[in-house]
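Biologist: I am new to this structure and would like a close look at a single part of it. Please take one helix and go through its surroundings step by step.

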Amino acid sequence: MSFHCRLAQQSFHIQKMASPKSQDRWQTKAASVLERSKHMFKNPLLSDIKFTFPSVNSEAPISVIPAHKYVLAVSSPVFFTKFYGDLAESGDSVDITDCDPDVFLHFLRFIYCDEASFEDIECAIKVWRLADMYDLPSLARECVKYLDGNMEPLDAFDVLTYARQFNNEEMEKACWEVIDYNAEVIVADESFLDVKQELLLSFVERSSARIQETTLFQALDGWAAKRCEEASIAVNGENKRRFMGEDLLKQFRFSLMSPTEFSDVVMPTDILFLTEVVDVFKQFTSVSIPGGFKFSLSPRKTVAEPLSSFNTGEVQVPDQEASVATSDVSDKTGLFTFAVKRDITLRGVVIVTDKDHESCQVSLSITEKGKKVKQIKSKTFMRKETIDSDSHGEVNVFFNRPLNLKKNTCYSIETETDTTNNRNCGVVRPRNKPINSAKATGTSSTNLFACGSSLFSTGVPTSGAKAINSSSSEKIDKVNEVSCCSFGKCHLKCPDHSDYSGEIIQLLFEG
């Protein structure tokens, strides 16, 4: 019998013995190793290990996830030792008792599919824990990227705890930046009462925290009062002082308060000794204090000023020829490239959306010279009320802390809105066409101004021109900082700016 005949018989025998799953020749349909690996994700085919998740409820079925030792071992040193090391375990099942199966699937998805997806902050933290446990630094980096851009201010202390636990200095730095910038908001929330004491000490020490000293003291007084209640002891100055600790107390900047604020806010708590109260008043009046002033004299950052904005153009709903079946498209993208004339901070962007929908899921990235400097992944933002607009809505995409922009440097902001559940959310503009020719050439528009935390906007001025508003011209001048944006080549001799397309209609700068 010839070689080819024997080979044909063997091939026929293998096909006959193969399972129905293998007969679809799936290998030939996968163009790459990654696609073939994705095919094996959650697939019992060739599986030689399974992860079981015993249910708390004895009547509920046990969840089982099939996996493949080889795939796991080439990704994780821990799995390699577990399955192929000198003391390798021989069983075909691993019980997972400290993690939900849904979270573990996110972990396995990265191993098989090279995809990092998270449902929310809590999910990302749990996957980060698995990445640390099984020594997958590449997955840990993806968790950090997600947390960096997506954590809300009220999440920052929780994330900080894990950053310290996993010795991640990059994430710890990001958490402190979020806490510093949003300190007023964080301490006003009830969750602040449960922050660990060692984190509070680091917090109060920071001169970069943007918070009024009276607000900070009141928040810590409430925190200490809760500790007294939990310990079932009297809520008085002595006990609150004990929970705060002497090191923390010394970090308060009482000299930043006015004498009236100190008298009205601090003295009634009875936390300070009488001699300390006297020393504070001596400090107020520049009277010499024997032995020196025991409390910190370092300044703090001022509370964030109102935002100013730069319009990229008027909202324009595309005509039928320019629009490519927008009613049937759920994913839309935007790209905006610009440079600024001076160092300034970017607080966020405004994205145009359909007025009939209440929210949009937004992904955003900002690049500087090809390097990502800010990223938000699949985060839901609520539509805001807009002025004089019956045709569109707007979504404020605020960052969890501002991004410092450098003068004469080009930045690109890329957005993607997922409107699967909110059809027509977002407006697609045609490429190679300015949003509004008048705006592109510098014609100014009506200026809107509101005090406090509200926004004001100006049109795009001509080179050297200043928008005029009699009540707030000084503030409005600050926002005319964009030296080039999206149309043609810039004076920095960088590659052609991409023509503006998509949904970004405003840049929100710190005032």
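Modeller: What follows is a walk around helix 7 and then outward to the strands and helices beyond it. The model is a predicted one.

Begin with the helix itself. Helix 7 covers residues 137–150, and at 1.5 Å a residue its 14 residues should span 20 Å. The C-alpha atoms at its ends are 20 Å apart, which agrees with that expectation.

Next comes the question of how enclosed it is. Of the 14 residues of helix 7, 10 are buried, so the helix is largely enclosed by the rest of the structure. The buried ones are Leu139, Ala140, Glu142, Cys143, Val144, Tyr146, Leu147, Asp148, Gly149 and Asn150. Their cover includes helix 5, helix 6 (121–133), helix 8 (156–165) and helix 9 (169–181), together with strand 8 (371–384) and strand 9 (393–405).

One of the buried residues is a cysteine, Cys143, with a relative accessible area of 0%. Which cysteine sulfur is closest to that of Cys143? It is the one in Cys123, at 8.3 Å, and this is too far for a bond, since a disulfide needs the two sulfur atoms within 2.5 Å. A search of the whole structure finds 0 disulfides. Another cysteine, Cys175, also counts as buried, because its relative accessibility is 0%.

Now take the covering elements, starting with helix 6. Arg129 lies in this helix. With a relative accessible area of 25%, Arg129 is partly exposed. From Arg129 to Ala140 is 11 residues along the sequence, and their C-alpha atoms are 8.2 Å apart in space. Leaving aside residues up to four places away in sequence, Arg129 touches Asp98 and Phe166.

Helix 5, which is also part of the cover, leads to a sheet. Helix 5 (residues 101–113) lies across strand 1 and strand 2, and runs at about 10° to strand 2. The sheet is an open one of 3 strands in the order 2-1-3, with mixed pairing. Its edges are strand 2 (63–67) and strand 3 (93–95), each of which pairs on one side only. Ignoring direction, neighbouring strands of this sheet are turned by 25° against each other on average. Strand 1 (residues 49–53) pairs with strand 2 in the antiparallel sense, over 5 bridges. Within that pairing, Phe53 has Ser63 of strand 2 as its bridge partner.

The two covering strands belong to further pairings. Strand 8 and strand 9 run antiparallel and are joined by 2 bridges. Arg383 stands opposite Val395 of strand 9. Strand 8 also runs antiparallel to strand 7 (residues 359–368), with 9 bridges joining them. There, Gln361 has Thr380 of strand 8 as its bridge partner. Strand 7 and strand 8 form a hairpin with 2 residues between the strands, in which Lys369 takes a positive phi near 55°.

A last pair of helices rounds off the tour. The axes of helix 12 (residues 213–230) and helix 15 (residues 259–266) come within 11 Å and cross at roughly 10°. Helix 12 and helix 15 are therefore roughly parallel to each other. Thr214, Phe217 and Gln218 make the contact from helix 12, and Glu261, Val265 and Val266 make it from helix 15.

Key. Residues numbered from 1 in each chain as written. Predicted model: local features only at pLDDT ≥ 70, side-chain atom pairs only at ≥ 80, totals over all residues. Heavy atoms only, no water. Pairing = 2+ DSSP bridges. Helix = DSSP H or I, 4+ residues; strand = E, 2+ residues; numbered from the N terminus. Axes fitted to C-alpha atoms, helices over the stretch in contact; angles between N-to-C directions. Contact = heavy atoms within 4.5 Å. Expected span 1.5 Å × (residues − 1). Buried < 20%, exposed > 50% of the residue type's maximum accessible area, 1.4 Å probe, protein only. Parallel < 35°, antiparallel > 145°, perpendicular 65-115°, else oblique.
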